[in-house]
Amino acid sequence: MGLDVAALMGLFGLTGAFAVVGAVLAAWMAWRIVEKAGLPGWTGLGAVLLTLAVVSSIVPLILLWVFAFMRWPRDEPATAALGYGAPSGVPGPSPTPALAPPPKTLADRRGWRLTGSLPGGRGVAFAIDGSAAAYVLTGAPAAQAGELSLSDPSVGQPHARLLTAAGRLGLEDLGTPGGTFIDGARLLPEHGPRDISAARTIRLGSVELALSRA
């Protein structure tokens with residue numbers, strides 16, 4: 001007695017299950033093709049409906065599978081633009097040249113300014129423009145260019161030396177009893193010149209001077 005295979009599959013509900021699975025796969029592969037082809041949405045919807053209409057045979061599913069996973073021309077620019085994926089022996093687009101590094105920060109060429117007051121309320125102000133490599137701070141009257149006079153008994157004659165180089169300012173103590181201080185810290189002759197570019201105040205004896213950029 002012959003056995004009807006279709007009737008047997010229908011008995012277990014397999015025909016309906018395969019139809020649902022086939023419809024889902026067909027719809028998914030149709031949308032994949034639409035995305036690869038860059039078609040508008042309404043065209044994709046039509047493709048899905050058309051696919052569902054003919055999904056009764058296995059041939060449309062096989063064709064959909066082939067078209068969904070084949071390489072499309074639209075797949076190339078995404079990799080070729082980066083210089084990858086060019087076929088062997090075929091020169092691809094050259095990579096985008098790297099941006100040039102930013103220019104180096106320009107040196108600060110502003111001068112310096114020392115301001116303060118002497119006993120008796122007399123104000124003092126010195127402009128240090130860097131035209132000289134060194135300036136001498138002294139308690140004696142200025143006798144020559146590069147000497148900055150601070151008329152106070154606590155200031156030595158000379159007391160300290162200011163040094164300028166590459167947009168920076170240094171200070172060196174010359175060994176006077178009154179002492180030299182940078183932001184409250186004692187500077188001794190054996191310390192040598194110290195960079196005071198970031199300092200706020202210096203003190204020579206009892207005379208305190210504020211340091212700023214001119």
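**Exercise 1. A salt bridge between two strands**

Arg161 has 28% relative accessibility and therefore counts as partly exposed (buried is under 20% relative accessible area, exposed over 50%, partly exposed in between, with a 1.4 Å probe and protein chains only). Keep in mind that this is a predicted model, in which local features need pLDDT of at least 70 and side-chain atom pairs pLDDT 80 or more, while totals for chains, interfaces and linings use all residues. Residues are numbered from 1 along each chain as its sequence is written, and side-chain values use heavy atoms, without hydrogens and water.

*Task.* Find the salt-bridge partner of Arg161 and say where the two residues lie.

*Solution.*
- Step 1: The side chain of Arg161 meets that of Glu172 in a salt bridge, 2.9 Å from N to O (the rule asks for a side-chain nitrogen of Lys or Arg within 4 Å of a carboxyl oxygen of Asp or Glu).
- Step 2: Arg161 belongs to strand β5 and Glu172 to strand β6, so this pair links distant parts of the chain, 11 residues apart (strands are DSSP runs of E, at least two residues, and helices runs of H or I, at least four, numbered from the N terminus).
- Step 3: Glu172 counts as buried because its relative accessibility is 18%.

**Exercise 2. The second pair**

*Task.* How many salt bridges does the rule give, and which strands hold Asp195 and Arg168?

*Solution.*
- Step 1: The count comes to 2 salt bridges.
- Step 2: Asp195 and Arg168 meet through their side chains at 2.6 Å, N to O. Asp195 sits in strand β9 and Arg168 in strand β6, so the bridge ties together parts 27 residues apart in sequence.
- Step 3: Asp195 counts as partly exposed because its relative accessibility is 45%, and Arg168 counts as partly exposed at 45% too.

**Exercise 3. Drawing the sheet**

*Task.* In what order do the 5 strands of the open sheet stand, and which strands are at the edges?

*Solution.*
- Step 1: Write down the order β4-β3-β5-β6-β9, with mixed pairing (two strands pair if DSSP finds at least two bridges between them).
- Step 2: β4 (147–149) and β9 (194–195) each have a single partner strand, so one side of each has no neighbour in the sheet.
- Step 3: Now add directions. β3 (residues 134–138) and β5 (residues 160–165) run antiparallel, joined by 4 bridges, and Ala134 faces Leu163 in β5. β3 and β4 are parallel over 3 bridges, with Val136 opposite Glu147 in β4.

**Exercise 4. A buried charge**

*Task.* Is Asp173 buried or exposed, and which side chain makes a polar contact with that of Asp173?

*Solution.*
- Step 1: Asp173 is in strand β6 (residues 168–173).
- Step 2: Asp173 is buried but has no salt bridge, and the nearest side chain of opposite charge, Arg186, is 5.7 Å away (Lys and Arg count as positive, Asp and Glu as negative; His and chain ends are left out).
- Step 3: The side chain of Asp173 has a polar contact of 2.5 Å with that of Thr180 (N or O atoms within 3.5 Å; within protein, one able to donate a hydrogen and the other to accept it, and residues adjacent in sequence counting only if both atoms are side-chain atoms).
- Step 4: A polar atom of the Asp173 side chain also lies 3.0 Å from the backbone nitrogen of Gly175.
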